[in-house]
Amino acid sequence: MMGDRSSRATLTDVAAAVGVSRATVSKALNGRGDISDATRERVLAAVSELGYRPTTAPDPSARRALVVVFDIPASPYILGVLQGVVAAATESRIDLLTRLAPSKDARTEHAVAREWVAEQRAAGAIGIVGLTLSEPDALVAAAGNERLPFVIVDPVDVHQRNSVSVGSSNWAGARAMTEHLLSLGHRRIAWLGGPEASDAARDRLYGYQAALDAAGITVDPALIRAAQFAVASGTVHAHEILAAPVRPTAIMAANDELAVGVLAAAHERGIRVPEDLSVTGFDDTPQAAWTTPPLTTVHQHLEGMGAMAVQTLLVMAEGREPSSRHVELATSLTLRESTAPPRA
């Protein structure tokens with residue numbers, strides 16, 4: 001016999017029988033992942049042998065949870081990253097709480113940010129994943145003050161000293177795509193970029209410029225635009241580019257939504273893709289395969305970025321420093337039917 005069953009067994013009895021602390025027993029009973037499987041099995045065996053039953057219902061706050069917060073839930077990009085977050089959290093047996101970020105104006109107020117972070121901690125959060133928040137803001141600072149780990153996916157500014165982030169090799173991806181168009185024979189290539197404040201958009205622009213420079217082609221400022229990452233922006237700016245007396249033979253868009261807008265503008269102007277104009281995107285979201293024609297784009301491992309953010313957060317939640325403050329995943333090209341050699 002492991003103990004006397006004449007009286008109701010307690011958590012202390014279980015801990016003594018196994019030779020571990022009460023906290024370890026509690027972790028085993030609450031499904032925590034920071035104890036070994038062997039220890040958990042010994043605890044559960046002792047619970048069964050002693051007939052231990054909790055005296056109260058489990059405390060919801062004892063469960064571990066991750067909070068994922070974002071601005072634009074309808075974005076195909078966000079949904080791709082979120083799949084990776086969900087998969088990694090599920091594998092680690094951690095609850096996942098999804099939150100829309102407070103309005104940009106509200107969350108710049110430190111009091112609002114502190115209250116928001118406190119609410120997440122009260123809900124059992126051991127860390128926060130931010131998906132492409134519109135700008136670094138007081139939420140990151142408030143989480144730091146509360147010692148609540150915060151990891152940003154695809155941050156606006158990767159040089160923020162207090163932030164830990166996960167992204168993709170934006171410069172290399174854009175350069176590789178530009179080199180692909182050059183190999184097809186294109187020389188007049190337009191660039192439709194993202195917001196000027198975005199590091200990711202800026203790195204993609206630099207990759208495009210680097211490839212042209214290496215090929216001995218002078219970048220034409222008239223062929224470069226900055227826009228919001230949205231279909232409507234792509235359509236407006238593509239109309240401007242395509243209305244020029246000498247139009248480009250290819251347009252590179254800094255994300256797939258912009259590229260969809262370019263395709264729409266080309267269709268409205270009677271310009272055939274890829275016969276008259278090659279079009280490329282960036283991200284390789286599901287919609288890229290559904291366009292007409294299917295879109296050639298730079299593939300980002302969106303699910304991998306989400307999973308990496310969760311893994312980094314769990315390391316930080318254990319009080320350890322991440323191996324890097326900014327992790328970049330490799331990109332690759334997905335070649336479809338929206339690119340072809342230019343017409344003679």
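How many aromatic pairs does the count come to? I put this to the model, which is a predicted one, and the count came to one aromatic pair.

**Entry on the aromatic pair.** I noted that the two partners are Trp191 and Tyr208, with 5.3 Å from centre to centre and 25° between the planes. Planes under 30 degrees apart count as stacked, so I entered this pair as stacked. I then looked up where the two residues sit, and found Trp191 in strand S6 and Tyr208 in helix H9 (residues 199-214), 17 residues apart, so that the pair links distant parts of the chain. Are the two rings' residues buried or exposed? Trp191 has a relative accessibility of 2% and therefore counts as buried, and Tyr208, with a relative accessible area of 1%, is buried as well.

**Entry on the sheet.** Since Trp191 had led me to S6, I turned to the sheet that holds this strand, and read an open sheet of six strands in the order S7-S6-S8-S9-S10-S12, with mixed pairing. At its edges stand strand S7 (224-226) and strand S12 (332-334), and because each has a single partner strand, one side of each is left without a neighbour in the sheet. On average, neighbouring strands of this sheet are turned by 20° against each other, direction ignored. Within the sheet I looked at one pairing, that of strand S8 (residues 250-253) with strand S9 (residues 278-283), which is parallel and runs over three bridges; here Ile251 stands opposite Val279 in S9.

**Entry on helix H11.** Which strands does helix H11 (residues 256-268) lie across? I found that H11 lies across strand S6 (189-193), S8, S9 and strand S10 (296-299), and that the helix runs at about 160° to S9.

**Entry on helix H6.** I checked the length of helix H6 (residues 110-122) against expectation: at 1.5 Å a residue its 13 residues should span 18 Å, and the end C-alpha atoms are 18 Å apart, which agrees. I next asked which residues of H6 are buried, and listed Ala113, Trp116, Val117 and Gln120. These four cover an arc of only 95° around the axis, which puts them on the same side of H6. On the other side of H6, I recorded Glu115 and Ala122 as exposed. Last, I looked at what comes after the helix, and found that H6 is followed by Gly124, with a positive phi near 100°.

Definitions and conventions: Residues are numbered from 1 along each chain as its sequence is written. This is a predicted model: local features need pLDDT of at least 70, side-chain atom pairs count only at pLDDT 80 or more; totals for chains, interfaces and linings use all residues. Side-chain values use heavy atoms; hydrogens and water are left out. The expected span of a helix is 1.5 Å times one less than its number of residues. Buried means under 20% relative accessible area, exposed over 50%, partly exposed in between (1.4 Å probe, protein chains only). The arc is that of the directions from the helix axis to the C-beta atoms. Two strands pair if DSSP finds at least two bridges between them. Axes are lines fitted to C-alpha atoms, for helices over the stretch in contact, and angles run from 0 to 180 degrees between N-to-C directions. Contact means heavy atoms within 4.5 Å. Rings of Phe, Tyr and Trp (its six-membered ring) pair if their centres lie within 6.5 Å; planes under 30 degrees apart count as stacked, over 60 as edge-to-face and the rest as tilted.
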